[in-house]
Amino acid sequence: MHHSFRSAITTLVLGQIVSLVVPLAVRAAGDSPYKITKTAQFPGTGGIDYVFADPDGRRIYVPRGEEVLVFNLDTLSAVGSIPKTRARGATVDPKSSHGFSSSSPVAMWDTKTLAVIKTIDVQGRPDGILFEPATERVYVFSHSAPNATVIDAKDGTIVGTIDLGGAPEQAASDGQGHLYVDLEDKDSIAVVDVNTMKVTAHYGLEGKGGGPGGLGLDAKNHVLFAFCHDPQTCVVLNALDGKILATLPIGRGTDGGGFNPKTMEAFSSQGDGTLTIIKETSPTTFEVEQTVATKSRAKTCALDSKTNQIVLITTEPMASVAGATAPTPPPADQGPKGGKKGGNAGPALLDLLLVGR
């Protein structure tokens, strides 16, 4: 066989082998399962609720008891705290480097020094909280009136309040003037015009899901993921008109969720010790990709958009701290309308978990 012809054949065969091997390797890397990649534990007292991850500042905020604890997002080491702040949640404006707590009063702090700048008196019973980037405002949510108090993140002034028509849990902004808020007691999602601060629509879940506790949003494709308690379902909706696109099963006791546009995956954290990962294969097709084993009562979560890792928190009762017996933890599947939120308030270990590939 002529050398040049033989070389051409060899090159062709090797090229075919490479063309087969490379996509398989890429697929294998992309399809690797999620798992717990890092954990840390910290003793203390006080209940917990929401966790917030600041991807730009590389910090995690966990309200616990009378303070907001702050941790390094990469190492999970303790950084400091915002004291005298009995909060349920926290958020950050990366532009002004101001942090805010969902508490009464709301604490506003410098995210670089953690020094409190001011406190802001609000009405209602603050619970969830969200920074809305298009207007650079913070939404403090309450199950009682007013349902939402809107604060200017730059100077901490109250801009106004909104009647959402129900008890809000989690919210998501599309960054283009629309805010979506799941209403736990109405089995619906409120749509808010962030410029006028008016509710423009309510999307009903039509019995497909009840007591939505978590929310994810694919802003580019206008897809909402409402994570519900009863039935234990993710209801997928068109964010433009509220049309239901799909329903998928999730774990028991959801209290948080989100969407990662880099991986095109929605996720829901559940108190039964699972994290449900849902793949958006197209704007109209979805599938449960994985159910990750986490820890009991790890029912709130946050996304680190820089590393594509998901942060979860829970508490584990200690056998005894300074001779005090730890109380019995609440059930892992607390429903939306009953049961006390905040987890174990006695002496307990705070667990931080990172889940990624």
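This is a short talk on the strands, ring pairs and cysteines of one protein model.

Hi everyone, and thanks for coming. A word on the ground rules. This is a predicted model, where local features need pLDDT of at least 70, side-chain atom pairs count only at pLDDT 80 or more, and totals for chains, interfaces and linings use all residues. Residues are numbered from 1 along each chain as its sequence is written, and side-chain values use heavy atoms, with hydrogens and water left out.

Let's start with the overall picture. The protein has 1 helix and 30 strands; these are DSSP runs, H or I over at least four residues for helices and E over at least two for strands, numbered from the N terminus. Of its 357 residues, 53% are buried, where buried means under 20% relative accessible area, exposed means over 50%, and partly exposed is in between, with a 1.4 Å probe and protein chains only. The accessible surface is about 15,200 Å², and carbon and sulfur atoms hold 55% of that; the areas come from the Shrake-Rupley method with a 1.4 Å probe, and for residues only the protein chains shown count as cover. Now take the contacts (heavy atoms within 4.5 Å). Among those with a separation of 6 or more, 48% are between residues 24 or more positions apart.

On to the sheets. As a reminder, strands of a sheet pair through backbone hydrogen bonds, either parallel or antiparallel. Here two strands pair if DSSP finds at least two bridges between them.

One open sheet has 4 strands in the order S14-S15-S16-S17, with antiparallel pairing. Strand S14 (168-173) and strand S17 (198-204) are at the edges with a single partner strand each, so one side of each has no neighbour in the sheet. On average, neighbouring strands here are turned by 25° against each other, direction ignored; the axes are lines fitted to C-alpha atoms, for helices over the stretch in contact, and angles run from 0 to 180 degrees between N-to-C directions. Inside this sheet, S15 (residues 178-183) and S16 (residues 188-193) are joined in the antiparallel sense by 6 bridges, and Leu179 sits opposite Val192 in S16.

Another open sheet, also described by 4 strands, runs S22-S23-S24-S25 with antiparallel pairing. Its edges are S22 (254-260) and S25, each with a single partner strand, so each has one side without a neighbour in the sheet. The average turn between neighbouring strands is 20° in this sheet, direction ignored. S22 runs antiparallel to S23 (residues 265-270), joined by 6 bridges, and Gly257 stands opposite Ser268 in S23.

Next, my favourite strand to click on, S8. How many of the 5 residues of S8 are buried? The count is 4, so to speak, for this strand at residues 106-110, which is mostly covered. S8 pairs antiparallel with S7 (residues 98-101) over 3 bridges, and a hairpin of 4 residues joins S7 to S8. Gly99 has Trp109 in S8 as its bridge partner. S8 also pairs antiparallel with S9 (residues 116-120), over 4 bridges, with Val106 opposite Ile120 in S9. That hairpin has 5 residues between its strands, and Leu114 in the turn has a positive phi of about 65°.

Trp109 brings us to the rings. Rings of Phe, Tyr and Trp (its six-membered ring) pair if their centres lie within 6.5 Å; planes under 30 degrees apart are stacked, over 60 edge-to-face, and the rest tilted. The whole structure has 6 aromatic pairs. Why is the pair of Tyr61 and Trp109 tilted? Because the planes stand at 40°, with the centres 5.7 Å apart. Tyr61 is in strand S3 (residues 59-64) and Trp109 in S8, 48 residues apart. Tyr61 is buried at 1% relative accessibility, and Trp109 is buried at 0%. Ring pairs also link Phe52, Tyr61 and Trp109 into a cluster.

Then there are Phe225 and Phe286, with centres 5.7 Å apart and planes at 90°, so this pair is edge-to-face. Phe225 lies in S19 (residues 223-228) and Phe286 in S25 (residues 285-293), so the pair ties together parts 61 residues apart in sequence. Both rings' residues, Phe225 and Phe286, are buried.

Last, the cysteines. With a disulfide taken as a pair of cysteine sulfur atoms within 2.5 Å, the count is 0 disulfides. Why does Cys228 have no bond? Because the closest cysteine sulfur, in Cys234, is 7.6 Å from its own, too far for a bond. Cys228 is buried at 1% relative accessibility, and Cys301 is buried at 10%.

That's my tour; thanks for listening!
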